[in-house]
Amino acid sequence: MTKIGLLSDTHSYLDESVFKYFADCDEIWHAGDFGDADIADQLEAFRPLRGVYGNIDGKDLRLRFPEDLRFTCEEVEVFMTHIGGYPGKYAPRIKADLLANPPKLFITGHSHILKVVFDPKIHCLHLNPGAAGKHGWHKVRTLMRFEINKDKIENLEVIELKGR
């Protein structure tokens with residue numbers, strides 16, 4: 001079993017409570033818009049980090065992280081990108097690939113809207129952890145935690161961070 005801490009859209013702000021909430025996690029996944037490399041450095045120093053760059057991320061982060069990341073965790077194929085849309089409204093840039101070769105878990109950021117949606121057409125769970133940073137129009141800052149146990153995604157939790 002692998003315990004995952006998932007966040008996105010930190011926009012150069014990393015709440016200290018992230019380390020408390022992700023203390024039992026084996027890996028941290030960031031779905032883009034780190035804001036600056038210091039955020040990635042802090043997360044990577046704490047736990048193994050997987051991430052993608054977002055539209056606000058500069059050259060340093062774009063050289064360090066890919067735009068799209070496909071990988072397998074346990075027995076679950078994961079596709080993570082910052083701007084990917086959601087079931088029924090996938091982003092044109094990734095739609096054909098996503099539909100032709102659907103993962104079991106599709107993770108995006110960008111919208112600052114927390115979403116957990118299953119797409120029955122491609123048998124894929126879509127997660128967007130919302131925004132963990134203070135910049136943007138969202139009113140509540142959020143994170144997610146979940147476990148991947150062989151081929152199952154289990155024990156998904158949504159965490160609301162205090163303050164804006």
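These legends walk you through several close-up views of a predicted model.

**View 1. The annotated domain, from end to end.** UniProt, in an unreviewed entry, places the feature "domain: Calcineurin-like phosphoesterase" at residues 3-150. Over this stretch the chain is 20% helix and 35% strand. The C-alpha atoms at the two ends of the stretch are 12 Å apart.

**View 2. Strand β2 and its two neighbours.** Start with strand β2, which covers residues 27-30. Glu 27 and Trp 29 point one way from this strand, while Ile 28 and His 30 point the other way, and all are buried. Strand β1 (residues 2-7) pairs with β2 in the parallel sense over 4 bridges. Here you can find Leu 7 opposite His 30. Strand β3 (residues 49-51) also pairs with β2 in the parallel sense, over 3 bridges, and Ile 28 stands opposite Leu 49 of β3. To get from β2 to β3, the chain passes through helix α2 (residues 37-46), making a right-handed β-α-β crossover.

**View 3. A salt bridge between β3 and β2.** Arg 50 and Glu 27 form a salt bridge, with their closest N and O atoms 2.9 Å apart. Arg 50 belongs to strand β3 and Glu 27 to strand β2, so the pair links distant parts of the chain, 23 residues apart. How exposed is each partner? Arg 50 has 26% relative accessibility and therefore counts as partly exposed, whereas Glu 27, at 14%, counts as buried. The cut-off behind the word buried is under 20% relative accessible area.

**View 4. Helix α2 meets helix α3.** In this view, Glu 44 forms a salt bridge with Arg 64, and the closest N and O atoms are 2.7 Å apart. Glu 44 sits in helix α2 and Arg 64 in helix α3 (residues 59-64), a separation of 20 residues along the chain. Both count as partly exposed: Glu 44 at 41% relative accessibility and Arg 64 with a relative accessible area of 32%.

**View 5. The hairpin of β4 and β5.** Strands β4 (residues 68-73) and β5 pair in the antiparallel sense over 6 bridges, and Arg 70 stands opposite Phe 79 in β5. The two strands form a hairpin with 2 residues between them. Look in the turn for Glu 74, which has a positive phi of about 55 degrees. Strand β5 (residues 76-81) is largely enclosed by the rest of the structure, because 5 of its 6 residues are buried. β5 also pairs in the parallel sense with strand β8 (residues 105-107), over 3 bridges; there, Val 78 has Leu 105 as its bridge partner.

**View 6. Helix α4 linked to strand β4.** The side chains of Arg 93 and Asp 68 meet in a salt bridge, at 2.8 Å from N to O. This pair connects helix α4 (residues 92-100), home of Arg 93, with strand β4, home of Asp 68, across 25 residues. Arg 93 is partly exposed, with a relative accessible area of 43%, and Asp 68 is partly exposed at 30% relative accessibility.

**View 7. A nonpolar patch on the surface.** Which residues make the nonpolar surface patch? Leu 114, Val 116, Leu 156 and Val 158 make it, with an area of about 280 Å². The elements that give two or more residues to the patch are β9 (114-119) and β12 (152-161). Val 116 lies in strand β9 and, at 40% relative accessibility, counts as partly exposed.

How values were computed:
Residues numbered from 1 in each chain as written. Predicted model: local features only at pLDDT ≥ 70, side-chain atom pairs only at ≥ 80, totals over all residues. Heavy atoms only, no water. UniProt positions renumbered as here; feature names shortened; annotations may be inferred. Buried < 20%, exposed > 50% of the residue type's maximum accessible area, 1.4 Å probe, protein only. Pairing = 2+ DSSP bridges. Right-handed = clockwise from strand over helix to strand, strands pointing away. Patch = residues over 30% accessible without salt bridge, like charges linked within 9 Å, V, L, I, M, F, W, Y side chains within 5 Å. Areas by Shrake-Rupley, 256 points an atom, 1.4 Å probe, with all protein chains shown as cover. Salt bridge = Lys/Arg side-chain N within 4 Å of Asp/Glu carboxyl O.
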